[in-house]
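Thanks for coming. I have one structure to go through today, so please look at it first, and then I will talk.

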Amino acid sequence: MNLLVLSPSLDIRFFAVVLLVMGLFTPVQAEITSLDSGNIDDVLNNAGVAIVNFYADWCRFSQMLHPIFEESSNIVREEFPETKQVVFARVDCDQHSDIAQRYRISKYPTLKLFRNGMMMKREYRGQRSVAAIADFIRQQQVDPVKEINSMEEIKTLDRSKRNVIAYFEKRDSENYHAFSKVANILRDDCTFLAAFGAVSEAERFSGDNVIYKPMGESAPDMVYLGSLSNFDLTYAWTQDKCVPLVREITFENGEELTEEGIPFLILFHVKEDTESLEKFQHEVARQLISEKGSINFLHADCEKFRHPLLHIQKTPADCPVIAIDSFRHMYVYPDFKDLNIPGKLRQFVLDLHSGKLHREFHHGPDPTDSTPGQEETGGELASSPPESSFQKLAPSETRYTILSRDRDEL
């Protein structure tokens, strides 16, 4: 009698085929939504959380990520079956270059996180593995709002952090729904707390309200006076409090700041020199508040960023130094001592936007300038090569400008 002998691998496939024919087995199908200009807004706006893979078929790293991304989707779908709670989506950037440009995609693959249609500042930069991506999504599902069970808890707040505290009559309300959306978007920038019912009653003498407690024990509270049910107003007010006008750039957040796509106005200062930082913050607020959104106001530790300083012929001994990084060139503010001259810092930034700094970088001072070799209100002409100050760092350092950054390894 002849027997059919199957190898283990053939055996498995044989029974899979049998089960498939019998209707007892269904191959796992990843639920990845392909986005295009016709559906992207609708899909993202209706997703509580969406993680989007921006890829290019010719990129081998994109090819390697596809099965990992799909398997992560399968795992997350089992834990969060509500289809609009978590969405895994992808964009073919070769086919939809308009979408890639809209979200400033310049490297592949890029994983962006969205909440209710709003792109988060921080893209996913964790390990490219099924477990790591699935765990990242789980973390995004954790409620960022901590419930206050006793007003005594307010006395023990960590005042080294920015705290936003809300007092509501009930959790199931339009006011809290808008507050929760804001908290989810700004969860990395502030600590959010909320009290309800009898616990919050003493603080609701004029209805539901939200207060902001800045860092520092002696810093006074700030009260939100707008409509709590209006998400846009609540978000704008909270973002203004949670995201400082002048932020510190570090090796940890530099790439994220670069990917916001706008130039840097940077104060390089010695870490202990808080006086120069306070002056810079004051003048930015006084002269440049209207430019927020067109340029990032930053400060950097001279010692940590000594290599970018070398590109503009400066050393930590020269600090404090102010410079603009346009991602093409560096432009140096003439003299920190002139910082408090009315309009001087503002004109420096306007000269960037008008193209004057770039023009003079290549061709020398405009003929209208009163002093040969120097701009009227602009900056020194740094003779560094045409690249961002963070573009070429020493071998032991990590670069945080995307212009020449190689694709992340999986």
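How many cavities of 30 Å³ or more are there? The count comes to 1. Keep in mind that this is a predicted model. The space inside the largest cavity is about 30 Å³. Rolling a probe the size of a water molecule over the atoms is what shows where empty space is left.

Which residues line the largest cavity? Find Arg104, Ile105, Ser106 and Lys107 on your screen, then Thr110, Lys112 and Glu123, and finally Glu259.

Two of those lining residues, Thr110 and Lys112, lie in strand β4, which covers 110–115. That takes us to the sheet. It is open, has 5 strands, and reads β1-β3-β2-β4-β5 across, with mixed pairing. At the edges are β1, residues 32–34, and β5, residues 118–119, each paired on one side only.

Take the β1 edge. Its pairing with β3, residues 86–92, is parallel and has 3 bridges. One residue to look for is Thr33, whose bridge partner in β3 is Ala89.

Now the helix on this sheet. Helix α3, residues 60–79, lies across β1, β2, β3 and β4. Against β3, helix α3 runs at about 160°.

Last, the whole chain. There are 13 helices and 16 strands. The chain has 410 residues, and 49% of them count as buried. Among contacts with a separation of 6 or more, 72% are between residues 24 or more positions apart. The exposed area is about 21,200 Å², with 52% of it supplied by carbon and sulfur atoms.

That is what I have.

Definitions and conventions:
Residues numbered from 1 in each chain as written. Predicted model: local features only at pLDDT ≥ 70, side-chain atom pairs only at ≥ 80, totals over all residues. Heavy atoms only, no water. Helix = DSSP H or I, 4+ residues; strand = E, 2+ residues; numbered from the N terminus. Buried < 20%, exposed > 50% of the residue type's maximum accessible area, 1.4 Å probe, protein only. Contact = heavy atoms within 4.5 Å. Areas by Shrake-Rupley, 256 points an atom, 1.4 Å probe, with all protein chains shown as cover. Pairing = 2+ DSSP bridges. Axes fitted to C-alpha atoms, helices over the stretch in contact; angles between N-to-C directions. 1 Å grid on protein atoms, 1.4 Å probe; cavity = no way out; pocket = protein on both sides within 12 Å on 5 of 7 lines; lining within 4 Å. Points joined across faces, edges and corners; volume = space filled by probe spheres on them.
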